Amino acid sequence: MAAPDEQELSQEQTEKLLQFQDLTGIDSMDQCRRTLEQHNWNIEAAVQDRLNEQEGVPSVFNPPPSRPLQVNTADNRVYSYIVSRPQPRGLLGWGYYLIMLPFRFTYYTLLDIFRWPWERRRWSRWELPGFALRFIRPEPRGRVTDPVGDVVSFIHSFEEKYGRSHPVFYQGTYSQALNDAKRELRFLLVYLHGDDHQDTDVFCRNTLCTEEVLNFVNTRMLFWACSTSRPEGYRVSQALRENTYPFLAMITLKDRKMTVVGRLEGVIQAEDLINQLTFIMEANQTYLVSERMEREERNQTQALRLQQDEAYLASLRADQEKDRKKKEEEEQKRRQEEVARQIVLAEERRQQTLQEEKERRSESLPPEPSPDNPDSVKIVFKLPNDSRVERRFLFTQSLTVIHDFLFSLKETPEKFQIVTNFPRRVLPCLPTEERPIPPTLKEAGLSRSEVLFVQDLTDD
């Protein structure tokens with residue numbers, strides 16, 4: 001009985017459930033049911049998704065940021081062209097068929113037993129099913145371990161049997177071929193090779209390897225092929241669900257999905273094959289043209305957006321450069337103003353210190369002697385600004401007193417020296433290494449009345 005929260009399955013759903021388990025080899029019936037329910041009981045889509053997962057492609061129900069590529073095999077508008085084998089005619093034909101029937105059954109049964117891996121066959125009008133041994137052991141081809149190796153191995157065996165004159169085989173997995181066809185907006189022709197089918201050899205020699213088919217396929221589409229006796233070919237066979245061999249499927253991008261748009265089954269002549277493929281391509285060319293136009297429009301939009309982004313970035317960089325230069329100018333101006341301010345402050349402090357020094361020396365000057373003092377000396381100083389200053393000193397006083405008196409005056413420059421007029425000589429008013437103690441006025445040879453010149457040394 002079904003669980004209380006599960007709905008009873010219909011007869012059709014039960015058959016699909018058993019068929020899905022048989023195709024995928026999943027042991028858990030609950031897992032098979034969940035997978036089919038996720039795909040709305042579309043067995044072909046469920047099998048395709050399961051096969052993609054086995055190859056390493058994420059499931060559509062646990063997708064990465066970009067959805068994996070899948071093939072839509074459920075399109076009701078797929079063009080099908082089936083060439084049936086001729087039926088037996090007359091008593092002789094039917095008699096031959098009935099006589100050969102037991103031998104055919106025995107042949108295909110033994111072939112399934114001893115062949116590794118086995119080839120899957122489907123019911124056709126003149127073939128018996130080749131799945132009898134699935135009741136004894138499971139299908140070994142359901143596990144794909146080296147899909148590229150399967151394709152390359154088929155190409156080598158094909159060339160050994162039919163030669164190198166054939167359409168160019170795509171040397172990659174089925175999924176890689178789908179991705180390339182989608183990216184390049186090209187048709188993809190898929191050929192499933194049935195090794196033991198009675199029509200395979202005739203088709204390969206008389207149709208597939210002809211010069212006209214070779215040139216047509218190589219110039220119009222990608223061509224992927226593999227044998228259904230190999231796991232990769234068997235996996236694709238499970239997805240495309242062919243009825244007989246030879247089997248060809250045309251796949252293209254339609255409504256943004258890789259979709260099977262044509263199926264060709266049975267032996268077909270070269271000219272007829274080219275005509276059928278041409279018909280399928282012409283009927284679906286509009287989808288590729290539309291997709292090319294959309295891609296061009298998207299590319300133009302992206303290019304325009306890129307140009308706009310580049311223009312915006314260029315404008316942004318220009319604005320940032322302007323801001324940087326403006327900040328540098330403002331910073332330089334600020335530094336200059338700060339330097340000027342510091343200079344002004346330093347000058348103010350220097351002037352203040354100078355003024356304090358002038359006041360200190362003025363206060364330390366000895367008093368001026370009286371005119372009737374016999375040791376007094378009358379000195380007239382001519383300042384650099386042409387003004388005159390007069391004061392009396394004592395012969396016994398040091399020349400430093402004269403210097404301190406002049407230094408204390410506001411009119412006197414900051415640095416100066418005292419010079420006699422005739423003979424011209426500089427009075428040593430300040431101590432030096434040679435004369436640490438300046439001489440007195442008398443020792444300097446000054447008379448009772450002198451005129452001395454104050455020479456400005458500030459510029460020096």
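# A guided tour of the model

Start by selecting residues 62-70: across this stretch the pLDDT stays under 50, and the model gives the stretch 13 contacts beyond four places in sequence. Then move to residues 115-137, where the pLDDT is also below 50, with 72 contacts in the model beyond near neighbours in sequence. Where pLDDT is low, the predicted coordinates should not be read in detail. Keep in mind throughout that this is a predicted model. Over the protein, the mean pLDDT is 81, and 78% of the residues reach 70 or more.

**The whole chain**

Now zoom out and show the cartoon. You should find 11 helices and 10 strands. The protein has 460 residues, of which 40% count as buried. If you switch on the surface, you are looking at about 27400 Å² of exposed area, 52% of it supplied by carbon and sulfur atoms. Contacts also reach along the sequence: among those with a separation of 6 or more, 65% are between residues 24 or more positions apart.

**First hairpin: β5 and β6**

Select residues 247-254 for strand β5, and add residues 257-265 for strand β6. The two strands pair in the antiparallel sense over eight bridges. To see how they line up, click A249 and look across to R263 in β6, which stands opposite. Next, go to the turn: this hairpin has two residues between its strands, and D255 takes a positive phi near 55°.

How well covered is strand β6? Eight of its nine residues are buried, so the strand is mostly hidden from view, given that buried means under 20% relative accessible area. Over in β5, pick T252. T252 counts as buried because its relative accessibility is 0%. Show its surroundings and you will meet R186, F187, K257, M258, T259, V261, N284 and L288, leaving aside residues up to four places away in sequence.

**Second hairpin: β7 and β8**

Move along to residues 376-382 and 388-394, which are strands β7 and β8; these pair in the antiparallel sense over seven bridges. Click K382 and find its bridge partner in β8, R388. This hairpin has five residues between the strands, and D386 in the turn has a positive phi of about 70°.

**Salt bridges**

Time to turn on the side chains. Side chains of opposite charge can pair when their charged atoms come close. The count for this model comes to 23 salt bridges, and here are a few to visit.

Begin with D180 and R183, whose closest N and O atoms are 2.7 Å apart in a salt bridge. Both residues sit in helix α6 (residues 174-184), three residues apart, which is about one turn of the helix. Is D180 buried or exposed? D180 is buried, because its relative accessible area is 17% and the cut-off for buried is under 20%.

Next, select E291 and R295 in helix α10, four residues apart and again about one turn of the helix. Their salt bridge has its closest N and O atoms 3.4 Å apart. E291 counts as buried, since its relative accessibility is 9%. Now widen the selection to R256, E291, E294, R295 and R298: these residues are linked in a network of salt bridges.

For a pair of another kind, select E414 and R350, whose side chains meet in a salt bridge at 2.2 Å, N to O. Which parts of the chain does this pair link? E414 is in the loop between α11 (399-408) and β9 (416-420), while R350 is in helix α10, so this pair links distant parts of the chain, 64 residues apart. Both ends count as partly exposed: E414 has 32% relative accessibility, and R350 has 30%.

**Last stop: a nonpolar patch**

Stay with helix α10, which covers residues 270-364, and find L316 in it. Add Y312 and L313 to the selection, and show the surface. Together, Y312, L313 and L316 form a nonpolar patch with about 290 Å² of accessible area. L316 counts as partly exposed because its relative accessibility is 30%.

How values were computed: Residues numbered from 1 in each chain as written. Predicted model: local features only at pLDDT ≥ 70, side-chain atom pairs only at ≥ 80, totals over all residues. Heavy atoms only, no water. pLDDT = per-residue confidence, 0-100. Contact = heavy atoms within 4.5 Å. Patch = residues over 30% accessible without salt bridge, like charges linked within 9 Å, V, L, I, M, F, W, Y side chains within 5 Å. Areas by Shrake-Rupley, 256 points an atom, 1.4 Å probe, with all protein chains shown as cover. Salt bridge = Lys/Arg side-chain N within 4 Å of Asp/Glu carboxyl O. Buried < 20%, exposed > 50% of the residue type's maximum accessible area, 1.4 Å probe, protein only. Pairing = 2+ DSSP bridges.
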